Every structure is written in structure tokens, then in C-alpha cells.
Amino acid sequence: MPIAADFATKAPVWRVLVGNTLRPAAAERPCMSEIQDIERVGVVGAGTMGSGIAQVAATSGYEVVMRDIEERLVEQGFDGIDDSLARLVDSETLTDDEAQQARERITGTTDLDDLADVDLVVEAVVEDVDVKRSVFADLDDVCRPDVTLATNTSTISITTIASATARPEQVVGLHFMNPVPIMRGVELVVGERTSDETVALAHDFAAALGKETWESDDKPGFVTNRILMPWLNEGIRAYDEGVASKADIDRGMKLGTNVPMGPLELADHIGLDVVLDASETMHEQLGDRYQPAYLLRRKVEAGDLGKKTGKGFYEYE
């Protein structure tokens with residue numbers, strides 16, 4: 001048994017009519033899994049978030065099947081896990097043996113059918129509603145009827161994703177924060193049909209990973225992005241309008257509000273393209289207060305996306 005424990009979408013997902021593609025529900029479903037029944041976890045997507053979720057689950061004692069669509073992407077996911085585990089060993093957060101054992105608990109695959117025997121799934125693919133709905137429809141066919149399907153989406157409606165399955169009561173949002181091995185928080189998002197039992201299991205699973213949770217209703221941006229996107233964009237506007245230097249804007253917010261990163265530094269770490277996509281989605285759904293900053297759009301158009309490209313508001317080696 002276990003030991004313990006990309007912000008954007010390009011589709012106007014909140015306008016989808018929930019139920020117009022709802023697949024017929026099974027006449028009767030077996031009892032859902034409980035936390036003590038969870039031994040094998042499936043993670044769909046081996047990118048930054050998926051590999052981080054896989055790592056944390058494995059470190060917490062779960063057997064993990066991490067799936068992506070290409071072997072190259074799976075290997076990149078393992079490279080990220082190896083780097084992260086090495087840093088945790090260097091900081092004496094984990095021992096060499098603990099890191100090696102965690103790594104050995106993770107199996108990579110490109111075949112979704114390899115998730116047929118998992119007890120819970122966390123999806124962390126690209127933030128595109130059509131892609132996510134397709135993945136969930138496939139998972140609904142592959143996974144046992146008692147398995148809970150969670151999504152790591154940061155902006156897309158849980159209800160819309162769940163309507164691609166015949167088990168909407170067993171679909172829930174588990175929005176992990178980046179970097180997953182370091183950040184303690186997980187945003188738990190409750191869809192229109194998500195059952196109380198699924199919500200309880202999601203809380204228990206996050207706690208088993210050593211995380212703390214808060215709940216959000218299934219509304220645009222949930223809690224974190226609804227508040228974070230205007231903050232990031234206003235920091236960018238303040239810099240663009242000459243209120244202060246980028247260093248002083250970030251320093252002022254860190255010293256003045258006790259946040260670990262200022263808005264420009266954080267936007268670089270998230271990815272400026274991700275921030276822009278999330279801001280555009282929120283702008284479409286919630287109005288002008290979420291309008292993306294001009295300089296943010298200009299940076300993205302120039303290909304300066306932040307830390308992942310070596311240059312955003314700051315430069316990185």
C-alpha cells in the first residue's frame with residue numbers, strides 16, 4: 001500500500017452546451033474506489049505538470065503509469081523527473097534510496113490501454129477542450145467503471161470535460177501547482193455532476209501526496225487563475241507604463257506583500273504564452289478586467305516566452 005501522500009485554453013469552453021454530447025450513462029455502476037483501494041495511479045501527459053504529478057505520486061508510494069502520445073515525450077518526462085529527484089537528493093529532502101525507489105515505481109508508455117488496471121487517473125495534457133474531451137472519452141472506455149478520472153486543467157470547465165464520459169459523477173478537477181514536487185497546494189474543482197464521494201476521494205488523494213487543498217466551484221478560472229491573471233497583467237502594465245523598473249516591481253511585490261515571486265518573474269516561470277492564453281480565455285468569459293496587457297502580447301509574438309525559451313522579461317541561461 002502507498003506510504004502517504006499550462007494555464008490556458010484556446011477554446012471558449014464555457015459556451016459549450018453541457019449535455020449535448022453526453023454519452024448514455026450505464027444503468028448501474030459499482031461502488032467507487034476509496035483511498036485505501038488506490039495503489040496504481042495513471043497520469044496522462046508527461047510534460048512539466050504530468051511528470052511532476054507522476055513523480056509526487058511515486059515518491060508517496062504509488063505505482064504510476066505515465067502515458068504520452070510519443071516515446072520522445074515520455075523520455076523527456078523521465079528526464080525532468082530524474083533532474084527533479086536529483087535536486088531533492090542534493091537538498092537532502094530525499095535520500096538516494098528513496099529517489100531510486102520512486103523512479104522505479106514509474107512506468108512509461110504510449111499506449112492508453114496500459115491504464116486499464118489503474119485505480120485513479122490524473123489527466124495533464126495540453127489545455128485544449130477538444131483534446132481533453134477526447135482523452136476522457138477514451139479513458140472512460142479503457143478504465144474500470146469504479147475509477148475516478150481527474151483533470152489538471154487550470155481554466156477549462158470540469159462539467160464540459162465530464163460530459164464526454166458516461167461517469168460525470170466521477171470526474172473532478174485536481175489542479176496542481178507548478179512545480180508540482182515543491183508547491184503544496186492543489187485546487188479541487190467540483191463539476192455540476194461531481195459526486196460528494198468523488199470530492200472526498202480527491203481530497204484524500206491529495207492529502208496522501210502531502211498536499212493541501214481548497215475547493216472551487218466550476219466557474220471560469222476557478223480561484224487561482226481568476227485572481228492571478230489580473231495581478232500578472234497589471235504588473236506587466238506597470239512596467240510598460242514606466243511606474244518602476246521590472247526589478248523594482250518584482251521586489252516591491254515580494255517585500256510588500258510577502259509573495260515569493262513578483263508578477264514579471266512569475267509570468268516568466270509560468271510561460272508568457274500560457275499567461276496570454278489564460279488571460280484571453282478569462283477576457284472572453286469575464287470581460288475587460290481580464291484584457292491581456294499589450295506588452296505581454298508583444299513578447300509572445302516575438303517568441304520571448306520566459307524561462308523555457310531563455311528570455312522573457314528577464315534572461316535565463
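**Sheet, helix packing and local features of the predicted model**

Proline 179 lies in the loop between strand 6 and strand 7 (185–190). The model examined here is predicted. In this model, the peptide bond that joins asparagine 178 to proline 179 is cis, with an omega of about 0°. A second local feature concerns glutamate 92, which is not a glycine and yet has a positive phi of about 65°. Glutamate 92 is placed in the loop between helix 2 and helix 3.

The strands are described next. Eight strands make up an open sheet, and their order is 3-2-1-4-5-6-7-8. The pairing within this sheet is mixed. At the edges stand strand 3 (106–109) and strand 8 (212–217), each of which pairs on one side only. From one strand to the next, the twist averages 25°. Strand 1 (residues 40–44) is paired with strand 2 (residues 63–67) in the parallel sense, over five bridges. Within this pair, valine 43 is found opposite methionine 66 of strand 2.

Helices also pack on the sheet. Helix 1 (residues 48–59) touches strand 1, strand 2, strand 3, strand 4 (120–123) and strand 6 (171–176). The direction of helix 1 makes about 170° with that of strand 2. Helix 4 (residues 129–142) packs on the sheet as well, where it touches strand 1, strand 4, strand 5 (148–151) and strand 6. The angle between the direction of helix 4 and that of strand 5 is about 165°.

Contacts between helices form the next topic. Two packed helices are described by the angle between their axes and by the distance between the axes. Helix 2 (residues 71–90) packs against helix 3 (residues 96–104) at an angle of about 160°, and their axes are 9 Å apart. Angles over 145 degrees count as roughly antiparallel, and helix 2 and helix 3 are therefore roughly antiparallel to each other. The crossing of helix 2 and helix 3 is right-handed. Helix 2 contributes Phe78, Ile81, Asp82, Leu85 and Val89 to the contact, while helix 3 contributes Asp96, Ala99 and Arg103. By class, the residues of this contact between helix 2 and helix 3 comprise five nonpolar, no polar and three charged.

Helix 7 (residues 224–240) and helix 8 (residues 246–257) pack with their axes 9 Å apart, at an angle of about 140°. This angle makes helix 7 oblique to helix 8. Helix 7 and helix 8 cross in a right-handed manner. On the side of helix 7, the contact involves Trp231, Gly235, Ala238 and Tyr239. These residues meet Lys246, Ile249 and Met253 of helix 8. The contact of helix 7 with helix 8 contains five nonpolar residues, one polar residue and one charged residue.

Helix 10 (residues 272–286) and helix 11 (residues 294–301) have axes that come within 9 Å and cross at roughly 130°. Helix 10 and helix 11 are therefore oblique to each other. Their crossing is left-handed. In helix 10, the residues in contact are Leu272, Asp273, Val275, Leu276, Ser279 and Glu280. Their partners in helix 11 are Leu296, Arg297, Lys299 and Val300. Five nonpolar, one polar and four charged residues make up the contact of helix 10 with helix 11.

Aromatic rings were also examined. The structure contains two aromatic pairs. In one of them, the ring centres of tyrosine 239 and phenylalanine 313 are 6.2 Å apart and the ring planes stand at 80°, so the pair is edge-to-face. Tyrosine 239 belongs to helix 7, whereas phenylalanine 313 belongs to the segment after helix 11. With their positions 74 residues apart in numbering, the pair links distant parts of the chain. Tyrosine 239 is also one of the helix 7 residues that meet helix 8.

Terms used. Residues numbered from 1 in each chain as written. Predicted model: local features only at pLDDT ≥ 70, side-chain atom pairs only at ≥ 80, totals over all residues. Heavy atoms only, no water. Axes fitted to C-alpha atoms, helices over the stretch in contact; angles between N-to-C directions. Helix = DSSP H or I, 4+ residues; strand = E, 2+ residues; numbered from the N terminus. Parallel < 35°, antiparallel > 145°, perpendicular 65-115°, else oblique. Left-handed = near helix turned anticlockwise from the far one by under 90°. Contact = heavy atoms within 4.5 Å. Nonpolar A, V, L, I, M, F, W, Y, C, P; charged D, E, K, R; others polar. Pairing = 2+ DSSP bridges. Phe/Tyr/Trp six-rings, centres within 6.5 Å; stacked < 30°, edge-to-face > 60°.
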